[in-house]
Amino acid sequence: MQYEFIKELYDYCSQTQNFNLLQQLINARERIILNKFEGGTIGNLEYLFSTSEATEILGKQPCSSLPKVYFHIEQMAIKVFGCLLKCSTEFEMFKLIHKPMSVLHRHLDVTKKNSTSAIIDEKYHYELVQDISTDERYFHTEFSEHPLPLSDAIVLINIATFIKEHKWYEMLNHLEISSKGEHFILYQYTDNNIYPTIISSALIQTTSNKHDWLFFDNFFQNTKWKPNLNADGLLSLSHATSMSPLARSQFVDKSSTEIENDLFYSILDKTRTCEAIRLTISGEKSKANYHLYLAQKGLAMALKESGRDIVFTIIEKPAMVLFYQSMNLLTPTQSPYVFTSEQDVNKSGIITYKGIWLLKNASSAFNQYSFKAYNANIISLRKKLRNQ
């Protein structure tokens, strides 16, 4: 029934030339529900749409600012999916997978390989693509039976992992960011497939687009973030790239926002820094940790080879956090990752960390430690923390 509803909705949107219908509906409903809280601080969209205030509105009260048909669609979406946000997620995936065949197969007869890609662990390729929207290659993903253009493949993976799996529904309004610009990709050629399969991707943003950086977004720049920059981390950072002189004492009693902005503006050559976000890991679940290791290693080497020194990023995957913490304990003045602030965003016990990746140190660490040794460090530190 879900497929049939999505297909019928897709056909209706195609006839009316309005593929943003669900997003218009969600945005309108978000405003109405927020008004019930009179400006109070509310959680993310998933939380907002699950409140009792939302339950009294969604599917029960028509929206006066939208056509009547929108209310009927909303009622059906809730009946079929139980949630308007889940319906919108499935719709966005359907749009990508079911593009007109004439568009999808326009270049399928041409198999292009990038001779500039590098190989990691014998059979995995990695590279930086300057603008994925102009790349004509096709790739397989685990979420579609047929290959898709690179930009569509990356958007589909972002929807399936960040939105469908982790319920970051806010990204529904910002999917175009994942369809263009510089990206890192890790991929693999498999038997009986002429098109490679994407294993990992990440969006790279230069300092010219700092106003779009997630790192400096209002959500990540508030008093809920606890500063955790230490002296060794600051020393490691000062050795990693050219910076104005900084001392740990300068940051005493400062907020995380002030500290992180001070660090950014002390960097002398901004062309040697960037932001990396939306790191995705795909493929067999049994290889997820291995693919995460390869993705970090490939990304560190690719960005270092491109002339970057440091990367502003946000991490919360426990394996990544534990590995960097273990490396910082072993080589405190040659940290691969300098932690700047932290917060338990969803009050789930999983801490989200903001920090700066030092590419020379990170590349050295991943070249020094095999996947087996990488795992051993993670397990060792996890045991130590449990026994504290």
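1. Glu275 stands opposite Phe312, a residue of strand β9. The model discussed in this note is a predicted one. The two strands concerned are β8, residues 273-281, and β9, residues 310-315, which pair in the parallel sense over 3 bridges.

2. Helix α9, spanning residues 231-240, packs on the sheet and touches β9, β10 (337-343) and β11 (352-358). The direction of α9 makes about 40 degrees with that of β11. Helix α13, residues 359-368, also packs on the sheet, where β9 and β11 are the strands touched. For α13, the angle with the direction of β11 is about 90 degrees. Strands β9 and β11 are thus touched by α9 and likewise by α13.

3. The sheet as a whole is open and consists of 9 strands, with mixed pairing. Read across, the order is β1-β2-β5-β6-β8-β9-β11-β10-β7. Which strands stand at the edges? They are β1 (118-120) and β7 (226-227); each has a single partner strand, so one side of each is left without a neighbour in the sheet.

4. Ser117 lies in the loop that connects α7 (101-104) to β1. Is this residue, Ser117, buried or exposed? The relative accessible area of Ser117 is 15%, and because the cut-off for a buried residue is under 20%, Ser117 counts as buried.

5. The surroundings of Ser117 can be described further. Leaving aside residues up to four places away in sequence, Ser117 touches His125, Tyr126, Glu127 and Tyr187. With one of these, His125, there is a polar contact between the two side chains, at 3.2 Å.

6. The backbone at Lys167 merits attention on inspection. Its phi is near 65 degrees, a positive value in a residue other than glycine. Lys167 is found in the loop between α8 (150-165) and β5 (183-188). With a relative accessibility of 26%, Lys167 counts as partly exposed.

7. Asp253 is a further non-glycine residue with a positive phi, here about 70 degrees. The loop between α9 and α10 (256-266) contains Asp253. How accessible is Asp253? Its relative accessibility is 79%, and because the cut-off for an exposed residue is over 50%, Asp253 counts as exposed.

8. For a check against the displayed structure, three loop positions may be viewed in turn: buried Ser117, partly exposed Lys167 and exposed Asp253. The loop holding Ser117 leads to β1, an edge strand of the sheet. The loop holding Asp253 follows α9, the helix that packs on the sheet against β9, β10 and β11.

Note on methods
Residues numbered from 1 in each chain as written. Predicted model: local features only at pLDDT ≥ 70, side-chain atom pairs only at ≥ 80, totals over all residues. Heavy atoms only, no water. Pairing = 2+ DSSP bridges. Helix = DSSP H or I, 4+ residues; strand = E, 2+ residues; numbered from the N terminus. Contact = heavy atoms within 4.5 Å. Axes fitted to C-alpha atoms, helices over the stretch in contact; angles between N-to-C directions. Buried < 20%, exposed > 50% of the residue type's maximum accessible area, 1.4 Å probe, protein only. Polar contact = N/O pair within 3.5 Å; in protein donor to acceptor, adjacent residues only side chain to side chain.
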